[in-house]
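User: Hey, I've got a protein open on my screen and I'm pretty new to this. Can we walk through it together?

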Amino acid sequence: MKKYTYTEKKDTRSGFGAGLTELGKTNPNVVALCADLIGSLKMDDFIKNHPERFFQIGIAEANMMCIAAGLTIGGKIPFTGTFANFSTGRVYDQIRQSIAYSGKNVKICASHAGLTLGEDGATHQILEDIGLMKMLPGMTVINTCDYNQTKAATIAIADHIGPVYLRFGRPKVPVFTDENQKFEIGKAIQLTEGTDVTIIATGHLVWEALQASEALEAKGIFAEVINIHTIKPLDREAILASVRKTGCIVTAEEHNYYGGLGESVARVLAQHAPTPQEFIATNDTFGESGTPELLMEKYGLNSKAIVKAVEKVLKRK
């Protein structure tokens, strides 16, 4: 089995900032909007180099979405930036009515997703945003796993016509994907080959899935790990090809059971290849304040939980 290592940890939100900076140089139609969180979204370099293409909206997220929708009419490609909670739940009506309904070319870029914004507490955490966004017709939903992939995704979505929800996080996590990767929307990435179980993960849980696969190999269990960075459109072919080989599956995400990646995968399996599945996700709950590591442990969102889920699903084959 291929072993993945890392030499440094970086926050995925910095990957977004780096991608946005690159777009500022290469695409004159890209503009950025922020709801009073420039530092948190790492937009400083873009603003420094392109002040005329940046709009500080203040703590008025609903206005930001409507302004972004309007900017697309003039051919601009707006990237909005705020926390995931405020990028989705707070402004759902504006996204639905002003962006998704008319297919506006807005890129909704959301930091501090899931539990791992940690000490900011439950009111700032969001574990239902993927579900909110994937239910909107025509909305592309992307959840990246590390700095490099986030940078690549940020650059790639500028060329995609239509609304996109790009989800990333606050903490520093291992950087293990290729620095020069080409990001392909809707195309899953197989990280390891295995014959016993498929582990499909997204976001921060991809690294945890890789750690789990190594622990499982030590027990004689060979896991096929797949990075699903695009939750909508979902790479149905990659999922089905893997489960037809392994016969069981575990899905892993920093999100609620309801509405997330696991639910989307379950629909594919139910329609095309009924397969035993276990879910790593939060169980219909809000989060709480605490360090990212402690929260991931408490809510069962780490490699140890994935190993247990694999052992459980293997008994159902």
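User: How much area does the protein expose, and what share of it do carbon and sulfur atoms supply?
Analyst: Sure, and keep in mind that this is a predicted model. The protein exposes about 12,800 Å², and carbon and sulfur atoms supply 50% of that area.

User: OK, and what makes up the fold? How many helices and strands?
Analyst: You should find 13 helices and 14 strands.

User: What's the radius of gyration, and what would a compact globule have?
Analyst: The protein has 19 Å. A compact globule with 317 residues would have a value near 20 Å, so the two agree. If you'd rather picture a box, the C-alpha atoms fill one of roughly 60 × 40 × 35 Å along the principal axes.

User: What percentage of the residues is buried?
Analyst: Buried residues make up 60% of the 317.

User: And which contacts count for 80% of those with a separation of 6 or more?
Analyst: Those would be the contacts between residues 24 or more positions apart.

User: Switching to charges. How many positive and negative side chains are there?
Analyst: There are 34 positive and 35 negative ones. The centres of the two sets lie 3 Å apart.

User: How many salt bridges does that give me to look for?
Analyst: The structure holds twelve of them. One to click on is R167 with D129, whose side chains meet at 2.7 Å, N to O. That pair links distant parts of the chain: R167 sits in strand β7 and D129 in helix α7, 38 residues apart.

User: Are R167 and D129 buried or exposed?
Analyst: R167 has 3% relative accessibility, so it counts as buried. D129 is at 0%, so it is buried as well.

User: What about E224, which residue does it pair with?
Analyst: E224 forms a salt bridge with K245, and the closest N and O atoms are 2.6 Å apart. E224 is in strand β11 and K245 is in helix α10, so the pair ties together parts that are 21 residues apart in sequence. As for burial, E224 is at 1% relative accessibility and therefore counts as buried. K245 comes out at 43%, so K245 is partly exposed.

User: Which residues do shared salt-bridge partners join into one network?
Analyst: Look at E278, K312 and R316, which are joined that way. Another salt bridge is the one between D11 and R13, at 3.1 Å from N to O, and both of those residues are buried.

User: New topic: I249. Where is it, and is it buried or exposed?
Analyst: I249 is in strand β13, which covers residues 249-256. Its relative accessible area is 0%, so I249 is buried.

User: What does I249 touch, leaving out residues up to four places away in sequence?
Analyst: Quite a list, including V197, T198, I239, V265, L269 and V313. E278, from that salt-bridge network, is also among the residues that I249 touches.

User: And Q94, where's that, and which residues does it touch?
Analyst: Q94 is in helix α6, residues 92-100. Not counting residues up to four places away in sequence, Q94 touches A62, M65, C66 and I99. The cut-off for buried is under 20% relative accessible area, and Q94 is at 19%, so it counts as buried.

User: What about S303, which residues is it in contact with?
Analyst: Leaving aside neighbours within four places in sequence, S303 is in contact with E208, Q211 and A212. S303 belongs to helix α13. Its C-alpha atom is 8.4 Å from that of S213, though the two are 90 residues apart along the chain.

User: Last thing, backbone angles. What do most residues and peptide bonds look like?
Analyst: Most residues other than glycine have a negative phi, and most peptide bonds are trans. Here, the peptide bond from K232 to P233 is cis, with omega near 0 degrees. P233 is in the loop between β12 and α10.

User: Which residues have a positive phi without being glycine?
Analyst: K42 is one of them, with a phi of about 60 degrees, and H112 is another, with a phi near 55 degrees. K42 lies in the loop between α2 and α3, and at 30% relative accessibility K42 is partly exposed. H112 is in the loop between β5 and α7, and its relative accessible area is 2%, so H112 is buried.

Terms used
Residues are numbered from 1 along each chain as its sequence is written. This is a predicted model: local features need pLDDT of at least 70, side-chain atom pairs count only at pLDDT 80 or more; totals for chains, interfaces and linings use all residues. Side-chain values use heavy atoms; hydrogens and water are left out. Helices (H or I, at least four residues) and strands (E, at least two) are DSSP runs, numbered from the N terminus. Buried means under 20% relative accessible area, exposed over 50%, partly exposed in between (1.4 Å probe, protein chains only). Contact means heavy atoms within 4.5 Å. A salt bridge is a side-chain nitrogen of Lys or Arg within 4 Å of a carboxyl oxygen of Asp or Glu. The radius of gyration is taken over C-alpha atoms; the globule rule is 2.2 Å times the number of residues to the power 0.38. Accessible areas come from the Shrake-Rupley method with a 1.4 Å probe; for residues, only the protein chains shown count as cover. Lys and Arg count as positive and Asp and Glu as negative; His and the chain ends are not counted. The place of a charge is taken as NZ of Lys, CZ of Arg, CG of Asp or CD of Glu.
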